[in-house]
Structures are given as structure tokens and as C-alpha cells.
Amino acid sequence: MYQPLPIGVDDFEEIIAKNYYYVDKTLMIKELLDKMGKVNLFTRPRRFGKTLNLSMLKYYFEDTGDAELNRKHAQLFSGLAIAGAGEGYRREMGQYPVITLTLKSAKQNRFDMAFSLLRNAIAEEYDRHEKMVAGRLKNPEDVQRYKAIRSRCADDVDYYEGLAFLSKCLYQAYGKKCIILIDEYDVPLESSYFSGCYDDMVAFIRSLFGSALKTNPYLEFAVITGCLRVSRESIFTGLNNLKICSILDDSYGEYFGFTEQETRDMLTAYGREANLEETRRWYDGYRFGKAEVYNPWSILNYMDAIATNPKAFPAPYWANTSSNDIVRNLVERIDDGDGEMKGLLEHLMNGGTIEKPVHEDITYDSIYDSEDNLWNFLFFTGYMKKVSMRQEGTKRFLTMAVPNMEVSYIYENTISLWFEKKQKTFQMSPLYAAIEEGDAEAMEREICGFLEQTISYFDYGENYYHGFLAGLLGQNGKYRVLSNRETGLGRADILLKTPRIRGGRAVVLELKAVRSFRDMEKGCKAALRQITEQKYKEELSQEGYADILAYGICFFRKECMVLRWEEGISQMQE
């Protein structure tokens with residue numbers, strides 16, 4: 001019987017106690033203690049294990065004030081890697097009061113609503129520690145302030161300084177400095193930017209962090225996680241003890257996401273080694289420092305699917321956990337006439353790379369100030385991967401690519417939705433007039449004009465052009481558009497049929513894609529031969545259509561050539 005997979009479970013105690021499959025990341029504790037950073041900021045894409053790692057740190061370091069509970073927490077680490085790291089590390093277990101705060105719930109579109117949820121989160125942490133603090137505070141005013149914050153009736157300024165004051169209270173109760181763990185610190189910043197209350201949220205987070213993390217005599221160390229490294233000027237003003245570890249740094253590279261070996265071990269544990277190559281194509285591709293990393297959220301979900309059915313298709317699990325607004329905004333910039341952006345995106349979608357200067361210190365309100373900022377944001381949030389990096393003077397330059405099939409899906413789906421919307425603005429009557437009048441040259445001009453407005457991917461394969469043209473032609477009230485339907489002895493690419501047969505019309509479109517501009521005429525002739533040999537027109541005649549047109553259409557990149565069947569017959573025989 002296989003171990004259950006911890007999909008959506010990010011509490012360390014629950015995973016160990018209920019015997020979920022756990023990928024051991026406990027040596028992160030050793031590295032933290034070895035490096036002794038005072039305030040440690042880890043930036044990683046969403047769903048890469050940040051919350052679970054903070055939960056692990058809490059259970060390892062926290063002195064709950066209850067000796068039996070401390071022993072229970074210590075047992076969670078029995079048999080894990082940190083247990084064999086040495087006595088010096090084991091002595092740190094259960095030694096500190098720990099403050100934990102997650103900001104991931106603050107996604108509201110109004111500051112007052114987001115602040116209310118953040119105030120509740122702070123109050124709940126006060127409530128969690130009340131038993132240890134009760135009767136141990138020296139100043140009656142501190143007692144009243146503690147109770148007011150816990151009861152959610154304190155002044156706003158008390159919540160702006162809520163973590164600093166709680167650390168002071170815990171020091172009085174334990175006689176020890178505290179550890180502060182803050183998860184998803186930039187979620188409220190991102191949400192507030194898109195909802196128009198960014199300045200208010202920055203002011204709150206800056207005060208909350210500044211009072212707790214800067215010159216706080218009651219702080220042992222802190223760990224903060226988020227997706228994006230926000231500039232010191234916006235949040236971490238004056239925080240000179242901040243140690244930032246982004247996906248470009250070699251430190252801690254293997255602790256967020258699954259390494260190649262960890263992924264192999266999981267597939268082996270479930271008897272699914274044969275699925276490794278498919279797993280790699282869809283979910284690998286990230287590089288954090290020197291570590292090759294798979295998307296853990298997607299691996300767990302895919303593992304769950306193939307554990308039941310080894311032939312289950314991969315799916316874009318990570319793509320479905322967010323609105324992917326940043327990719328949508330990238331694509332929509334092309335509507336504003338950004339031709340360079342369009343070219344870069346097409347190049348990436350066809351397996352290419354781009355090089356951009358590295359900008360780690362950005363703010364949410366500066367994402368769209370420049371294309372470089374936008375590409376950096378896509379990189380640091382997991383929509384691009386590092387291929388290589390070089391230094392030129394004081395600047396670093398990053399070569400990036402799309403990481404894997406799953407992220408390609410996000411781009412492709414976003415592009416498809418964008419183009420469907422854009423198609424509705426196209427004037428289609430000239431193209432239909434050209435089709436009905438047998439004007440192949442006019443068809444070429446119209447189709448090339450539409451191609452120029454698209455974002456191409458799949459390396460300009462025939463499937464791409466098929467979907468493109470079928471989508472275009474579907475916007476009419478005169479013809480039914482049939483795609484790849486059984487006709488004659490084969491499958492015509494696209495058929496246009498009027499609902500009425502008597503006095504109506506049918507059109508056969510056979511498509512080819514070639515790899516050389518010089519081969520376009522050959523492609524058209526091959527399409528016409530297929531129409532003849534597969535008897536597409538005869539089938540339509542048997543249905544009763546008397547007015548039948550047929551075209552061979554060939555594509556090379558964004559070039560199009562069209563030959564009408566009647567015109568092409570003599571050329572085919574040359």
C-alpha cells in the first residue's frame with residue numbers, strides 16, 4: 001500500500017503524523033544555523049514549498065512551554081536528515097518562542113478589508129501565545145495592550161507594531177529571544193497594487209517589518225518567504241541585517257522544489273519509473289542556484305494521477321492555481337503596438353531564448369515601467385527559467401527560456417484567449433468575398449494580414465495554421481465551418497458549407513506548412529492533389545452541392561500562398 005500524497009497539506013506535523021509521503025528538506029535547518037543570518041528572505045515561485053518549510057522550522061525550534069508537547073514535536077524529526085546532523089543542531093530543538101504569521105489571506109481589493117484580515121492574523125498569534133504570556137508581563141499597560149490586540153479592539157498603530165510588541169512580551173515570558181517566521185509577505189503587496197491601494201499596504205508592511213526586524217533586541221533570527229524580492233526602499237528601509245536568497249543564489253537551492261533525485265525516488269516508491277521522461281518534459285526545467293528543480297505542486301498532483309493510472313496524461317496543475325494575470329498583461333501589451341515584445345514572445349514559444357539584464361530590486365508598482373522589469377518579474381515568479389548568466393562590468397545578464405510544457409501551456413492558453421478576443425474585431429467580409437469570387441491573390445493578402453497580428457507557436461506547424469484559419473473562418477453567420485471531418489476517402493482540413501444545399505455553396509480548404517519559402521508552391525500543389533485524390537469535391541456533390549470551390553493553401557512562417565483548384569489542376573500536371 002502506497003503512502004498518501006500531501007496534496008494541499010502544508011502543516012509539517014500533519015504530514016509526519018499521518019504518514020504522508022515527505023520529501024526530506026530538514027537539512028535547511030542545519031544551513032540556517034550554520035550561516036546564522038539575522039533576517040533571511042527566501043524568494044521562490046508560488047507552490048514551491050515555502051509554507052511547509054516555515055511550518056517545519058516552527059516545529060523544530062519552538063518552545064511551547066509544555067515539556068510533553070516539546071517532546072512530541074521533537075519526535076516528528078526522528079529518522080529525518082537533521083536528526084543525524086550532530087548534537088549541536090539537536091540542542092537547538094524546542095529552545096525558542098516562535099512567532100508565525102502568514103500574509104497570504106490578504107488578497108482583498110480594498111485596503112480596509114485586507115488590513116482587517118491581517119489584524120486578525122496578528123490577533124490569532126497573540127491568542128496562541130496567551131497562555132505562556134499570562135501573568136508574566138511586568139507592566140500593567142503592556143497587559144492591557146496585549147489583551148486589546150488579541151481582542152481585535154486595539155488602535156491601528158498597535159497592529160502596525162504588533163510583531164515587535166509580541167516579541168517583547170515573549171521575551172519577558174520566556175527569558176529568551178524569539179524567532180519570527182513570516183510567510184508570503186508580498187501577497188498583500190501584489191493584491192494591493194492591482195486593486196489601487198498599494199501605498200497604504202506598503203506603509204503597513206514597512207512599519208510591521210521595520211519595528212520587528214530592525215534593531216529589535218528581542219529577535220533571535222527571522223525567516224521571511226515570498227515570490228518576489230521587493231526593493232529595500234519600499235519595504236525593508238534601513239534593514240541592514242537582511243540576507244536575501246533568491247533563485248539566483250547558490251545557497252538553499254535544493255530546499256524549495258524537488259530535485260532530480262527526489263523526483264526519481266518518488267516515482268520509484270510508487271512503481272512509476274517509466275513516467276520519468278514525461279515528468280521531466282512537463283515539470284522540470286527550473287534552476288535555483290546550482291540545483292535542478294522540479295515543480296513540487298505539479299509533481300504531487302501528477303504522481304497522484306499516475307499512481308492510479310500510469311497512462312494518465314500530464315496536466316497543467318500549477319497553471320490552475322492562479323489567474324496568471326502577469327502573462328495575460330504581457331500578451332495584452334502587444335495590442336498596444338509593442339512589436340519587439342511580440343517578436344520575443346514568439347521566439348520563446350518556439351523554443352528560443354532571450355537575454356535581459358537582471359533587476360532583482362523591483363517593486364510591484366514598477367513592473368510595467370520597462371520591458372526588462374516585466375521579464376524579470378516573469379523569471380522570479382517561475383514563468384521563465386535561467387539558461388545561463390554572465391557578468392559585464394557591474395551588470396549581470398540573464399539568458400532565459402520557457403521552463404517546461406506546463407508553463408508553455410499557460411502562455412499558449414493565454415495567447416489563444418487573447419487571439420479569440422482579438423478575432424472579434426477583425427473585418428472578415430473581404431476574405432469571404434475573395435473566397436466566393438475565387439480570388440486567390442486577395443485571399444493571400446487577407447490571410448497574411450491576419451497572420452501578422454498573431455503570436456505564433458508550435459514552430460509554425462500545420463496544426464497551428466489549422467487552428468488559426470478555422471478560428472478565423474468561424475466568425476460568420478453564413479457558413480458552417482467543419483474542421484477535419486470525414487469527407488470522401490480522407491479528412492479535409494476545413495469545409496465551409498451553407499446550411500441550405502439548394503442554391504448554396506461549399507468550400508474545401510486543404511492546408512500545408514513547409515519549412516522553406518521556395519517550397520510554398522509545391523505545398524499548394526500537394527494540397528490540390530490531395531483534394532483530387534481523396535475526392536473531397538465528389539463527396540460534396542453527392543450531398544447535393546452544385547457550387548463547390550476548393551483551394552490549396554500553403555504557409556511558411558507568416559507567409560501564405562493560395563491556389564484555386566481549377567487554376568491549380570493544369571499546374572499540378574506540369
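This is a short tour of the structure, stop by stop.

Before you click anything, note that this is a predicted model, where local features need pLDDT of at least 70, side-chain atom pairs count only at pLDDT 80 or more, and totals for chains, interfaces and linings use all residues. Residues are numbered from 1 along each chain as its sequence is written, and side-chain values use heavy atoms, with hydrogens and water left out.

**The whole chain**

Start zoomed out. The C-alpha trace spans about 100 × 50 × 50 Å along its principal axes. Colour by secondary structure and you have 24 helices and 18 strands; these are DSSP runs numbered from the N terminus, helices being H or I of at least four residues and strands E of at least two. Of the 574 residues, 55% count as buried, meaning under 20% relative accessible area, with exposed over 50% and partly exposed in between (1.4 Å probe, protein chains only). Contacts (heavy atoms within 4.5 Å) reach along the sequence too: of those with a separation of 6 or more, 72% join residues 24 or more positions apart.

**Strands E9, E10 and E11**

Next, select 395–401, strand E11. Here 5 of the 7 residues are buried, so E11 is largely enclosed by the rest of the structure. Strands count as paired if DSSP finds at least two bridges between them. Add 385–392: this is E10, joined to E11 by 7 bridges and running antiparallel to it. Look for Gln 391 opposite Arg 396 of E11. At the turn of this hairpin there are 2 residues between the strands, and Gly 393 takes a positive phi near 65°. Now show 354–357, strand E9, which is antiparallel to E11 with 4 bridges. Which residue of E11 is the bridge partner of Glu 355? Thr 399 is.

**A three-stranded sheet**

Move to the open sheet with strand order E6-E8-E7 and antiparallel pairing. E6 (258–259) and E7 (286–288) are its edge strands, each pairing on one side only. Select 291–294 for E8, which 2 bridges join to E6; Phe 258 stands opposite Tyr 294 there. Then add 276–283: helix H13 packs on this sheet, touching E7 and E8, and its direction makes about 95° with that of E8. Axes here are lines fitted to C-alpha atoms, for helices over the stretch in contact, and angles run from 0 to 180 degrees between N-to-C directions.

**Rings and charges**

Show the Phe, Tyr and Trp side chains. There are 38 aromatic pairs, with ring centres within 6.5 Å (six-membered ring for Trp) and planes under 30 degrees apart called stacked, over 60 edge-to-face and the rest tilted. Phe 379 and Phe 380 have centres 4.9 Å apart and planes at 70°, so they are edge-to-face; both are buried. Tyr 464 and Tyr 465 are edge-to-face as well, at 5.2 Å and 70°. For a cluster, select Phe 12, Tyr 22, Tyr 59, Tyr 60, Phe 61, Phe 77, Tyr 96 and Phe 221.

Stay at Tyr 59 and bring up Lys 58, which lies over the ring face, 5.1 Å from the centre. The test is NZ of Lys or CZ of Arg within 6 Å of the ring centre and within 35 degrees of the ring normal. Arg 46 does likewise over Trp 318, at 4.2 Å.

**Cysteines**

Last stop: how many disulfides does the structure hold? It holds 0, a disulfide being a pair of cysteine sulfur atoms within 2.5 Å. From Cys 178, the nearest cysteine sulfur is that of Cys 169, 10 Å away. The sulfur of Cys 448 is 5.0 Å from that of Cys 560, too far for a bond.
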